[in-house]
Amino acid sequence: MNIKISLFTLLLFGFAMSANAQHEMHMMRDSSKKDTTQMDHSMHHMKGMQTEVPMSHAYSLNLPMQRNGSGTAWLPDASPMYGLMFHAKKWMYMLHGNVALRYTKQDVSDKGSRGGDKFDAPNWFMFMGQRKVGKKGLFHFSSMLSLDRFTEGGAGYPLLFQTGESWKGAPLVDRQHPHDLFSELSVAYTYAFNKKSDLTLYLGYPGEPALGSVAFMHRPSALANPDAPISHHWNDGTHITFGVATIGYRYDKVKIEASSFTGREPDENRFDFDKPRFDSYSARLSYNPTKNWALQASHGWIKSPETLHNDENVNRTIVSAIYALPLGKEKNLNATALWGLNKTKDHDGENAVLLEGAYRVKKLSLYTRYEYVQKSVEELNLNEAIYSHDAFGVNALSLGINYDILNFNKFRTALGGQVSLYKTDAVLDQLYGKNPIGAQVFIRIYPNLMKM
């Protein structure tokens, strides 16, 4: 493994030190007017400090932090949050991140020709901050970085039946592409009309439009899983978009949003800033009926997302439900269900279904993910003269485990392993083997669970 990358990762986690302001209040036994005045003054000062450093949702003064997802998408209010929080005089800052130092092998029995193995370290790091602007305004910024280009190389990591984006002019197939170094640089302003109603303006370069559920790396049901879903480009493939403008209005438990954004997915240079085009659009309706649920339905028209297929535009529809259930101290259950549809002109729609869950008990985390995805001949880069199917149905089931072995002050280290089982049409057996299996072992580094 790349020792320099590992050390750099640890340094990123270690630099965040908490600076919590402490206030003292002297409680007097007698009830004289002088003592009452002093107590009232102290309480007023404390309340003033709390309003100066908002501990709220990123895009609303009147929602809890736990609802923060990716972009402007919502999680359930009961979601666990792993990260570091610290304060300045008028600012609240947060740091999130995840890295998995691992060995992964797809097609462990070498039945087919499309498997692969790799020592790598999928990773991401997010730093964000917010402050009040006047009595009803909230300013927020987010930055997200990934060192994938260093740890995964330009062709990414092996993952059977994964598709999307390219390397050296060839489509990436059976590999997950690396994410860009700058995965999000965004700012937002929210104005609260009252406790139930607010308006948000969000700008990202790059950023995430109002399309789909919370991206996979930010869902509590997927935090322990180092792999991207093979349905990634059916749901959250737009989570790194170079040019996004979103307006959203919330009333009570409902939010409606509209985005204009760049349809083209990131190019092969993972270190640059792609040209903003604002040639695509989307709309999303979000509804959190209780603290345990986050529901959304969204649709987007995406212009020419793939560089290798300039003439193909995609209509993408996504419906999802995310569930969070706290069961006690360091004990929780999280689950996600979603359906996505990609439709291009003169082609049948291609569907994707994902079901994933994670059960956490103190140091132990058990997780699973099931997917059914329809992959076309084009998606899998197959010879149409030989493979005449319109789409191949791919089933993938992953089972994994994490166990915390070390705690270093602000972050944790867990040992984990995962097995993935695949099943597809028999006509593909000559390429993939019959029912191929993927497996991996990893050491995962991530922040502590925040105490809310």
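**Exercise 1. The second largest cavity**

Identify the residues that lie nearest the centre of the second largest cavity in this predicted model, and describe its lining.

*Solution.*
Step 1. The lining of the second largest cavity comprises 24 residues, and Pro-122, Trp-124, Phe-216, Met-217 and Pro-226 are those nearest the centre.
Step 2. The space in this second largest cavity amounts to about 250 Å³.
Step 3. Consider next the secondary structure. At least two lining residues of the second largest cavity come from each of β2 and β4. The largest share is that of β2, with 3 residues.
Step 4. Sorted by class, the lining of the second largest cavity holds 14 nonpolar, 8 polar and 2 charged residues.

**Exercise 2. The largest cavity**

Determine how many cavities of 30 Å³ or more are counted, and characterise the largest cavity by its volume and lining.

*Solution.*
Step 1. The count gives 8 cavities of 30 Å³ or more.
Step 2. For the largest cavity, the volume is about 380 Å³.
Step 3. Its lining consists of 32 residues; Asn-68, Gly-69, His-96, Trp-124 and His-218 lie nearest the centre of the largest cavity.
Step 4. Two or more lining residues are contributed by each of β2 (92-106), β4 (123-133), β5 (137-145) and β20 (437-447). Strand β2 gives the most to the lining of the largest cavity, namely 4 residues.
Step 5. The class division of the lining of the largest cavity is 16 nonpolar, 14 polar and 2 charged.
Step 6. Compare the two lists of central residues: Trp-124 is named for the largest cavity and also for the second largest cavity.

**Exercise 3. The second largest pocket**

State the volume of the second largest pocket and establish which residues and elements line this pocket.

*Solution.*
Step 1. The second largest pocket contains about 800 Å³ of space.
Step 2. It is lined by 36 residues, and closest to its centre are Glu-312, Glu-350, Ser-376, Glu-378 and Glu-379.
Step 3. The elements that each supply at least two residues of the lining of the second largest pocket are β6 (157-167), β7 (170-176), α4 (232-235), β14 (314-328) and β15 (331-343).
Step 4. By class, 11 nonpolar, 13 polar and 12 charged residues line the second largest pocket.

**Exercise 4. Pairing of β8, β9 and β10**

Trace the pairing from β8 to β9 and from β9 to β10.

*Solution.*
Step 1. Strands β8 (residues 182-194) and β9 (residues 197-204) are antiparallel and share 8 bridges.
Step 2. The connection from β8 to β9 is a hairpin of 2 residues. Asn-194 has Ser-197, in β9, as its bridge partner.
Step 3. Strand β9 also pairs with β10 (residues 244-251), again in the antiparallel sense and over 8 bridges. In this pairing, Leu-201 stands opposite Ile-247 of β10.

**Exercise 5. The largest nonpolar core**

Locate the residues with the most contacts inside the largest nonpolar core and list the partners of Leu-428.

*Solution.*
Step 1. The largest nonpolar core has 43 residues, and those with the most contacts inside it are Phe-161, Leu-380, Leu-382 and Leu-428.
Step 2. Each of β2, β4, β6, β14, β18 (392-408) and α5 (429-432) supplies at least two residues of this core. The largest share, 4 residues, comes from β6.
Step 3. Beyond its neighbours within four places in sequence, Leu-428 is in contact with Phe-161, Leu-380, Leu-382, Tyr-387, Phe-392 and Gly-433.
Step 4. As a general background, nonpolar side chains in soluble globular proteins tend to be buried together.

Terms used: Residues numbered from 1 in each chain as written. Predicted model: local features only at pLDDT ≥ 70, side-chain atom pairs only at ≥ 80, totals over all residues. Heavy atoms only, no water. 1 Å grid on protein atoms, 1.4 Å probe; cavity = no way out; pocket = protein on both sides within 12 Å on 5 of 7 lines; lining within 4 Å. Points joined across faces, edges and corners; volume = space filled by probe spheres on them. Nonpolar A, V, L, I, M, F, W, Y, C, P; charged D, E, K, R; others polar. Pairing = 2+ DSSP bridges. Core = buried A, V, L, I, M, F, W, Y, C linked by side-chain atoms within 4.5 Å. Buried < 20%, exposed > 50% of the residue type's maximum accessible area, 1.4 Å probe, protein only. Contact = heavy atoms within 4.5 Å.
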